[in-house]
Amino acid sequence: MHHNILAYWRHLQSLPRGHEDLPSPRVNRLMLNMFEGWRGQQVFPSFGSLGHIRDHDGEGVMELPLVERRGLAMARTLELISSDWGHVRGVFKIDPDELIVGTMPPYSVGQGKEVMDYFKDDRDERDERLEFEARFLNQWSNFGHICPNHEKVVRRGLRAIIDECVAFRDTCTDPERKSFYTSVATALESVILFANNYAAAAEGQAELYRRVLQEKPNHPQSAVFSERVDGMSAAAERLRRIPAAPCESFTDAVQCIFLMNCALHWTGELTSLGRLDQILQPFLNPEELKTGAAQVVIDCLWVKLDQRVTLDNRMIVDHFSQADGALMGAGGASNFDQGALTNQWMQQLTIGGLIADNEAEPKDACNDVTRLCLHAARRFPFNCPTLDLRVHKNTPGDVIDLAARALLSGGAHPVLLNDDKLVPALRRAGAGVELKSARNYACDGCYETIFPGETEFSFIYVPGVDVLEKALNSGAGFGASGGTFLRGMKGSYRSPPANEIAGFEDFFAIMEEHIWLNVNRQIAGFLSAYGAKGAVCPSPILSAMVDGCLESGRDFYDGGARFHMFAPLMTGISTVADSLYVLEKLVFGEQVIALDELVACLRSDWGARSDVVGRKITPERVAELRALCLAQLRFGHGNKAVDRHAWRLIDSFVDSIERALKHPMHAAAIAQLESRFASPGKPFNLVVTPGVGTFEQYNFGGSFSGATPDGRRASAPLASDLSASPYPQDLEVPEGTPIPSLTQAFASWNDRAVTRFADGAPSDFNIAEDSSPEALTKAIRVFADGQGSNVMTVTTANPTTLAAAEAAPGDYDLVRVRMGGWTEFFAVLFSDHKRQHRRRPVYAV
Amino acid sequence: MPKDLDTMLVPLPDPLYSTPYQNGITDPMWPAEFDGAMDIRQIAELLGKLNRSGRLSDDSPPHPGEAELQAAYMSDYAGRIARQNNLTLIRANVLSNDRAELIDILRLLTQFAVEEMERKPSIAHVGVLEHIPASYRVTVTFGFGATLFVDPAGTDRFGLRARKPKYLKQMPRFPGDAAHFDPARTGTDLLIAVCSDHPYVNVATSRFFVELFNRRFREAHAEIAAGRNLLEFVSVEEGFARKDKREFLRFDDGIDNVHMGADDLHRFVYVEETDGEPAWCVNGSYLVYRKIREDMPRWEAMKQAEQEHHIGRHKESGKPLSRQVEGEDGMLPVYPDPADAVDGPLNSHVRKVQPRRSEPDLFGLPDLERRFVRRPYPFFDGFDPATGSVINGLQFVAFMKSIQQQFEHVTNMWQMNPDFPVSGTGIDVMFANEILSVIDGGYYFCPPGLRKPGDYIGAPLFEGLPEW
Ligand code: HEM
């Protein structure tokens, strides 16, 4: 593991020629330029610089339906980006050493994006802008966060898809569908133009080096220059052919996927890549594998995907709007935890797992490309792409070993997902899910599991800490008790006060009531908002790449996809489990704390606020109680006494979801969605995948909530996903806290309840940098064999490294940590995040 | 009796005022070829005066033959910078966020520079100089710092971000930097390097910039509020050269500085089309400035052999310590095994900064492609009351076409890499033993030269720029 870029280069320099960790000179040159870019500021098109579609196509364009305007706006965007306009602004670039050509935009979930406007506004008779923004939606609301069907473009080429689209348009009678098809065809044509513009740029580079070589045949760099002539000519030839036509080679396929990825991202859809090893393997010829040429292609893709990193957090830009990537039914502005998302642009790439078929016997899917990807993940100190490795009982040993070595190289990936648990859960998640879809799952843009190329996805939150607070505080949260509110901010049933709660079971039943209300509320919000984006931010390119859309003539955001997946997520489960254990043991069991005494502590944020109602207790007693609560066992350390509270909570949550979806309260809304979105041969089926995702929002999620019985302060971070809680931010981690080994800790997740999380329930582990590769390989094998949660992540970083990195970020610019489903550079994280990571337990391996 | 260089018979090369490059980077330069038209007696004179012992003396060596003179000229002078005697480095920040104002600033700076470079020595100077030279050989070189493109807070003040030279950034810290030196604070928007043969000329030119610029600007732009300054001058640094190229450590610094044939300018110094830089950068050059303090008492306490082991060359002759040598005059070392200390200690300065391996490295480049042009000037800053010693050293100024592939590669991968060429070698012993420590510096990009009369420095940067 290398802490900084310089140490990494020096390491590469020390390797003998032909060493498996030494990339080719061409890749090294590309990487060198890339690292230079990481240190400065990524070039964003400035606010609004893409303009409005009427600026480009004239006023007449405003007569067109919105979906057609959107298609045109996407087309103009791709044209602009790849023309002189993009060139002079530094957003259209080509490096003569490139094998894979294209430029990703600098957009990220944290920094936002720029898209060309296409709304009617106060100049028109209908003000769409006002209308949509009033409903917390806008041109930036495309969520990305799914895997498009890259295989379709690789195999068929865009020309065939355009032809199909035109045929659909010419035969259908419904004007809305006609517009949809027109929009898709327009946008896809522009992708071909986009590729051609890159081809021209590549040809220009080839010309330049050809000329220089003619003028100076003995140029000291003539060998490199003639490689460039060949490379750029080949790239130009390739980009004239694909993605319009089907791919014919391994490099074609990689280039095609990357170019489509660029086109999607530039037009505002931050999508992921899907099961790359399954798509690419058929194109790989044994010779390319033997000579190492295939590894160079994969390496070049890696460099391209990671070009947009920002390492210096003073260089972050904020183009975010109130409705970027809006969640369905959130009922408010969409704000994500930006200080954690600088370098998250959803480049998840899933490998391994099972062959996507309906056969009774599952077959392992690992292939040569799986291994090429794992090599790349180990060799490069990048954060993108994030590898997601699906494992199961029969995953080959060498793949597990490569995964362990990649993890120890410090990139906090691959994320490990257990197929034996996730495939059955996904199969059960909705009517009509075939085994082959479930076996084909991939990570969406984070770690969530979706069916690539056939799924639309959204999620809703049911914060665990919120329901805990409501149960303790008669339907109010503790966050704003004192100061603004009396006992706290109300938000749920007015349940009995603490002194009337007789025992633990009584308490749990009250909490379940609050869960039930919250789940129903979220589902109602989701159902009522479902499909709203279709009229606001249709997505023609993506629609062409998600099965179901072209067939039904419906946009991706208008219910077009084959599967409509939605994930209700309960965050903070570990905090709640730790708290329930305190309640069960100290309050109702040993009775060393009275419940209303505990509630008083929480209302006062463990003594930090004085203006609170209820029982008054002395500061000394508060301190004594907090110390006692903090000293209790925690979830995630293999202690069944605590862990079973998490399991029970999970069951209660997932039961509530299942019950709610059948409840008469939602029947009308569901029926309405069915009638609106079902079409012949394509029933409207929700695929419901419960999960835990805090993702990066362990700080943001914690910031709304009050103090908790486990000793956590108000507004303090939660644990990430379904992991052990970090030590409180206001206290230093005590020396010598015993922490079990990974395999001992797996027991905390060894329960059927956890496997109900079809969306994935990551157990995030930190391990020491000198952990043994053999031991880690063994631990991953144990995980693959069925121990632990259904998703596991590993960050390799010593707490001393993280502390030093906080003090001197420049010296630790390659230290990376796991954030939800992606990897982030520690140096660029905002301080609260750094502190949270430093307080996570470090497990023995 | 020693004579002043100005009185030498040999005409010193003049700056080349009409090239695609800025002045003061690779010019004035001794002609790269011995073209027969040169007066061989003058060359002999030159070589005789500046012999290897570094003494300026009349007792020339026995009269050499023509072939010998030619070889000696080629080795010592041809294609080398005929450095002026004095250097002044002026650093300034732009106190405006307006692109049009920035352009006006650059116009006026250019006008000042051209006036200074065109100014002829005047008879009025006889009072201070015994001898009026034909020219003071003034060059004024402008460099742009990274903060002109994106400031430290990430703001693109002039809409120039997309045109930032790709290797331009704030100088990072390196091992061997003095504890108090924070390069993030010493970098500036602009650097103006003034060189001439006479200190008075440097003083006058520097005053012209530092004291007059803002006033002149206001006079020329009625809309500028009274008292408002457009440039904030941050520091003025000085350096001077000995005629024999030796500096305080009394070693000849520059023996293996690049000899530049026509092709080498673009090979080592000036950006060309194939470098993947923004188009406006072609014919420009990166400037690396490091102010390096020398601990004289420590150095002088060493025996000559020890000093030679630090540098990796013989003190008197400048010859390498290696068993085999190359080049017509045997000044180039040969290291058959880059890890063998028989040819000079592995941590000696010259072995750490140029290992001379011909195999391409991990980026596909042989080591000699990483050379750059050094244009160093010793400095003297008076006395440091804290230590009781004087503050002196070298204004290390180097020009190159890629900071990353040249200066930083040399520094990071070799010189300051404790495990290069073999594990445990340690960093450059000159820094490890604290003879040298860096106390100031910055990275800059020097735009190409003026294209036509009335042009201003950096003009191509602003051409075809979109609104921002
Ligand atoms: C006060 C500081 C320094 C002093 C006194 C110094 C002195 C010398 C001397 C005496 C030589 C041998 C003669 C020659 O080949 O020119 C030399 C060579 C050289 N120095 Fe330095 N130097 C200093 C700083 C640096 C720095 C900061 C660098 C940057 C990396 C550098 C790079 C070089 C290079 C590239 C050579 C030529 C080596 C070769 O080609 O064999 N020097 N220096």
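**Exercise 1.** In this predicted model, describe how domain 1 of chain B meets domain 2 of chain B: how much area do the domains bury between them, and what share of it lies on carbon and sulfur atoms?

*Solution.* Step 1: the buried area comes to about 4200 Å², with 62% on carbon and sulfur atoms. Step 2: B:Tyr167, B:Leu249 and B:Phe251 provide 18% of what domain 1 of chain B buries against domain 2 of chain B, more than any other three residues. Step 3: the domain assignment places domain 1 at 86-259 and domain 2 at 292-446 of chain B. Step 4: in terms of contact, 46 residues of domain 1 of chain B touch 51 residues of domain 2 of chain B.

**Exercise 2.** Which kind of link joins the side chains of B:Arg91 and B:Asp440?

*Solution.* Step 1: the N to O distance is 2.6 Å. Step 2: the cut-off for a salt bridge is 4 Å, and the pair B:Arg91 and B:Asp440 forms one. Step 3: between domain 1 of chain B and domain 2 of chain B, the count is 2 salt bridges.

**Exercise 3.** Describe the contact between chain B and chain A: how many residues does each chain bring?

*Solution.* Step 1: chain B brings 36 residues and chain A brings 35 residues. Step 2: about 2900 Å² is buried between the chains, 53% of it from carbon and sulfur atoms. Step 3: the interface has 3 salt bridges; B:Lys169 and A:Glu36 form a salt bridge, with their closest N and O atoms 3.2 Å apart. Step 4: α6 (262-269) and α10 (407-415) of chain B each give at least two residues to the side that touches chain A, and α10(B) gives the most, 5 residues.

Technical notes. Residues are numbered from 1 along each chain as its sequence is written. Chains are lettered from A and ligands numbered from 1 in the order in which they are written. This is a predicted model: local features need pLDDT of at least 70, side-chain atom pairs count only at pLDDT 80 or more; totals for chains, interfaces and linings use all residues. Side-chain values use heavy atoms; hydrogens and water are left out. Contact means heavy atoms within 4.5 Å. Buried area is the accessible area (1.4 Å probe) that two parts lose on being put together, summed over both. Helices (H or I, at least four residues) and strands (E, at least two) are DSSP runs, numbered from the N terminus. Domain bounds come from an automatic or database domain assignment.
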